[in-house]
Amino acid sequence: MENMKELPIKNTAVGIDIGSTTAKLVIVENGQVLYAKYERHYSQVRQKTVAMLADAAHLLKGKTVSVAIAGSAGLGTALSADLPFVQEVFATAETVRTLAPETDAVIELGGEDAKIIFFDGGLDERMNGSCAGGTGAFIDQMATLLDVTNDEMDELSLAYSRIYPIASRCGVFAKTDIQPLLNQGARKEDIAASIYQAVVNQTIAGLAQGRKIGGNVMFLGGPLYYCKGLRARFMKTLKLDEEHAAFPPYALYAVSLGAALYGDKQKKPLAFEELFQRLQNSVGEKEELSTTPPLFANEEEYEVFSARHGKATAEFGVLEDYRGKAYLGIDCGSTTTKLVLISEDNKILYTYYDSNKGNPVQIVKEQLGIIYSRMHEDAKICGSGVTGYGEELICHAFHTDAGLVETMAHYSAAKYFNPKVDFILDIGGQDIKCFKVHNDSIDSIILNEACSSGCGSFIETFARSMGYTVEEFAKKGLFGNAPVDLGTRCTVFMNSSVKQAQKDGASVENISAGLSVSVVKNAIYKVIRAANADELGKEIVVQGGTFMNDAVLRSFEKEIGRNVIRPKIAPLMGAFGAALHAKSLNLETSSLLSKEEIQVFTHTAKGITCGGCGNRCHMTVNTFGTGEKYISGNQCEKGAGIRTEGEPLPNLYARKRELLVSRESKPGKKKLGLPLALGTFELLPLWHGIFTALGYEVVVSEFSTRKTYMKGQYSIPSDTACYPAKIMHGHMEELIEKGCDILFYPALTYNMDEHNSDNHYNCPVVAYYAELLNGNMESVKDVKFFFPYLNVNDEKACAKELYAYLQKHAPEENHTKKDCKKAVAKGMADYRAHMAAVRAEGEKAVDFARKHGKKILILAGRPYHIDPEICHGIDKLAVSLGFVVVSEDSIAHLAKVPPVQVLNQWTYHSRLYAAAQFAAENKDVELVQMVSFGCGVDAITTDEVRAILEKQGKLYTQLKIDEITNLGAVRIRLRSMLGALEERARKEGNQNGR
Amino acid sequence: MEDKKRVLFTEEMRKDYTILVPTMLPIHFRLICRVLNHYGYKAEVMDGKSEKIKEYGLKYVHNDACYPALLVIGQMIDALESGKYDPHKVAFLYFQTGGGCRASNYIFLMRKAFEKAGYPYVPIISMSLTGLESNPGFKLTLPMLVKGISGVLYGDLLMDLKNQCRPYETVPGATESLAQEWEDRLYDDIVSKRFSYRRIKKNYRRIARSFAELPMDRSVKKPKVGIVGEIFVKFSPLGNNNLEEFLISEGAQPVLPGLMEFCLYCVYNMVADVDLYGGSKFKRRIMNFVYKFLLKKQGDMNRIIAEEGFDPPLDFEEARQGVQEIIGIGVKMGEGWLLTAEMLSLIKDGVNNIICTQPFGCLPNHICGKGMMKPLKEKYPQVNLVAVDYDPGATKINQENRIKLMLSNAKPPEEKAAEKEPALV
């Protein structure tokens, strides 16, 4: 480390920093750094510490040294070796203060933590909250996903040409955004840079929280030291020039240097030999861990288990020898691509399973080439089917005969192994899918939400980070004597549970076994929400790549207390099902590209932005050698260049948007702004009416876009609040930019009483968000922000309260009591008219659907879910699938709230129950519930809505939405639902026919 | 709704049913249970120590529901499954708040969980300050209520004195055993024939004095760390991974506003509701009377604490009025404005280090906890605030690391080293 200031350490000091993935050791003597070492510890925390110290022994022998340990995984070591411990952020601050006192802010990214320290204007040290992991470990995961090394990813990112929006909340979310981009063929260069940008956004949104990062900014930690691309993104986003961005040579060692400084100040030096001895003694020490019983008591148990599962196998044939018709199935999944070729008698002739390496098209091309070259000339592919995330891309590229939704493909395959199957659980790389089968048709489909995908790829990345392959890691888990209890939340939480286990000295064996148990518990309790095995089913088939891991399979059987069938081709089930489906088409010839066509096949992908509407979708244009194009990433048909024929289907979401903003404003003395977010989506007519009547020029903010969110992102104090609330900040900024003198968003404990619930509250966030805005938005201080507490259920009281408030806060306007009364009356009338119009439109849409024989879909959520940025065009997607879309509030009056098992006390939520009842009562009506991530109230409503629907044998589908939503996954869910409905209709038709 | 389906706690059951109370504040709840026993109910506080609580919670409660719901219901199912009780002979008593927070749905989540676990017949008695579902076998009488309130105040007193003494005790364990001794004595005293307000005040005095007489070394001042937040995770060692213990072991002095504050907050909201949204003036008058009454009783206790040389607990009325410069007191869901008020009062009392505890994704706390930190910091730049999320998946190490960071700034490290030395005995 050259050009470094001298450290104020006279004697010898050792600083040890043990982070989540790496260990760092420095030796400082006479103010100089004598030695510095940085290594991955592969969770062998204590062994590594001793080994690193041993490596440096030649410098320390016979000396008296002072020492301190820092780092998230170092606490346990420090305690059991009785050495001083210093919190890592504190240590960093110490180093920076000593070596670069001119620094105003420090951004430090570590393996799993992100930290910001502000020095100017009052020291402020911050760490990421527990739901915002994803920094170093996140970048590692993403590199794995792109199938490149970290260095390669860095290299790639420097050659980017565009940035895609990638969710920045946590790794799991980001992954679900990146996967479709990969599948759609976006350039790796662009994705790499976008990943870094996501890290930057997360750091700023999650940590700065309204405080501006400026002046001299120092960047520390591994990722920022190694990734030039990441540095570039930070500098660009924070608008820093070379002079104000510092990347010091000690970026990796800031914490360990701080520990050395701290250790020196303790004035408790000890002989090096003593230090070494103490650390060595700590290696064997074990702390008490929460554990579960081992997966197998002994080897014999494992053998019995293996023999049992060995029986569930498919028959295989030899590709080269086979003559006759063959059928191809392709499963283009989120992380892997699978191919299966079967014979007329369902023998498997060829299989392929591997990571799609970010380019599934290339892989399918290669594989088809191999199959064609090995096939006998008397054999012929007579049918081909494709399923999975990449279905459409592959279908367009290779002209397969059929595309089918994943759920259907899996069901066909499972039925082949157990015709009586009544429950299928598939845990793949990214998804957990499970469905119940009732009367030979799929009865209910449950998919994991974006937040809980602690699935296969999680174990894989973990195994790799600890230096094992998945297979080795799984094998180790089988015989862990005491699997660690790691909790069941999302990946990030599991990551920190593992960190804790490592700190406490758990072995790799027990961590591996513990992870398997966690994945299983996550699937059963968090995703499926089952209380016991009987709720799942009697004839259970499990599949998907993750179940090839015997530790996972065993954990599952133990957890539900029942044996299940895992076909030997578990990871290939989707492709196998697609092949079976292709066979069932009974075609003479397949439209699949021929041997010759494959040889000359080419594929290029280019990113563009659609200008079709305000959504500005980022799309990828795939061009194939034949000159054909396939466009992906679009939210509606417009982008794909398709025009729908005939009368467009009613879409209440679009209609409500029109109704809401069709309000005239008169010029007035003062401009009053209404932020179009949260409660305003329903009460806009009321406030608009009131303030227009009072003589204000009312300005309403526009429907949100991603930009709206970014505009206000800087002042959001609670990152885990829901997106509809967080976007409010952007609306406020927008209104201020538009020159409003006054902003208005009232605090309403109570919403409108619609007399169908026990009470009529707003949720706490809708009710009191104004208080938060007032406390956290600097810009609001430049204007007037009115947020009275009002009673909207009593015109008289409302007028009185409004009058009192205006008297106090705007006395210069001289509003009279009478004015207020008249204004409130006008507003109420406007509001009632608006709601009546919404209901009338709802009825009209229902009539339309019935006249034209269309299915009705209630897209149930809250009024603010009609915001195109919040529902991400799901309404349009549903319309494009042939549904007439209505909103919950447009038809809630057509049914009565059924008796519910919860306290029905929120106005908006009560409509959900009525809407569900309407769907339950009507054959042609289906309901899909949209739930914003972080919505606490929906933890209560979702179970209830499901119960209302299922009581009448209806399917329940829930879509969790957030900042960014993977429309590909939504499409699969809606299509699965459609598939299941068609299947049911077909069954019923058959029965009636008999 | 669906009232007829609800399993009632009948007069019959009163005779031989055990009423189990999930734990939150061990001392308070034990005293309250004693009052119930005295009036003929077989009540028992659960100890919350079973390993399986979390697991049962995760299994039977929607995982996105709040963590306290999970822990409370987990305790209940654990008791039913433990084999310690005959499930046909137990009922549960639960204290709840009601209002616009989703916590008012706990009772329904409990019934759902019981159904799912196969105990649909177990009655649940919900008790709240805002009214309760009627159960023929359970009647709250005025003497019961009065004794219950004194139980709350005694609990607050012991909790407060314990936290003020433990960090400074020179005989390890002395504070704890004194508190235990008093808890046992009060256990009988609270239902004795000699129960009177005069006697209660005398007890306050005797308790405070005995704590003041503990051998303590106050030569090195320890940093005070306030704990505020969602009521369950703030108070319950089960919910917050033994936060008080942890702080003491790190050489800090925990400062916890008491349970009575929460009661006062609930009562006052009924007064404020009428002011803000209209309603029965009579109800307002009654509630205002109750508010003033409780305030007075708490004031008596606080005064005695101060007179015996301890830091007095926060002045509720002052806190309520002061908070309005930061947040409106119409914010009444969950802990609402009380949370902000407690932070503000702690700061004003010189407690500059504050941990705001909340279950992950707690809705009201987005506003009143994390949402009010910036305005508080603006006004009082010296404060050292940290928000810590509690959750079945959140790890202790993550929480402790954040708290440690806060503590490192609570005092210069040089002092810390000095404190590590055992105090002179």
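Let me start at one pair of residues in this predicted model: A:Met930 stands opposite A:Leu959, which lies in strand E31 of chain A. The strand on the other side of that pairing is E30, residues 925-932 of chain A, and five bridges join E30(A) to E31(A), the two running parallel.

Stepping back, these two belong to an open sheet of four strands in chain A, ordered E29-E28-E30-E31, with parallel pairing. Strands E29 (883-887) and E31 (957-961) of chain A stand at the edges, each with a single partner strand, so one side of each is left without a neighbour in the sheet. From one strand to the next, the twist averages 30°.

Two helices of chain A that pack on this sheet deserve a mention. Helix H32, residues 817-852, touches E28 and E29 of chain A, and its direction makes about 160° with that of E29(A), while helix H36, residues 907-921, touches E28 and E30 of chain A, at about 150° to the direction of E30(A).

Turning to chain B, the axes of helix H6 (residues 142-165) and helix H12 (residues 281-307) come within 11 Å and cross at roughly 25°. Since angles under 35 degrees count as roughly parallel, H6(B) and H12(B) are therefore roughly parallel to each other, and their crossing is right-handed. Here B:Leu153, B:Leu157 and B:Asp160 of H6(B) meet B:Lys297, B:Gln298, B:Met301 and B:Ile305 of H12(B).

Finally, the contact between the chains takes 63 residues from chain A and 61 from chain B. On the side of chain B that touches chain A, helix H17(B) gives the most, with nine residues, and by class that side has 27 nonpolar, 18 polar and 16 charged residues.

Terms used: Residues are numbered from 1 along each chain as its sequence is written. Chains are lettered from A and ligands numbered from 1 in the order in which they are written. This is a predicted model: local features need pLDDT of at least 70, side-chain atom pairs count only at pLDDT 80 or more; totals for chains, interfaces and linings use all residues. Two residues are in contact if their C-beta atoms, placed from the backbone, lie within 7 Å. Ala, Val, Leu, Ile, Met, Phe, Trp, Tyr, Cys and Pro count as nonpolar, Asp, Glu, Lys and Arg as charged, and the others, Gly among them, as polar. Axes are lines fitted to C-alpha atoms, for helices over the stretch in contact, and angles run from 0 to 180 degrees between N-to-C directions. Angles under 35 degrees count as roughly parallel, over 145 as roughly antiparallel, 65 to 115 as roughly perpendicular and the rest as oblique. A crossing is left-handed if the near helix is turned anticlockwise from the far one by less than a right angle, and right-handed if clockwise. Two strands pair if DSSP finds at least two bridges between them.
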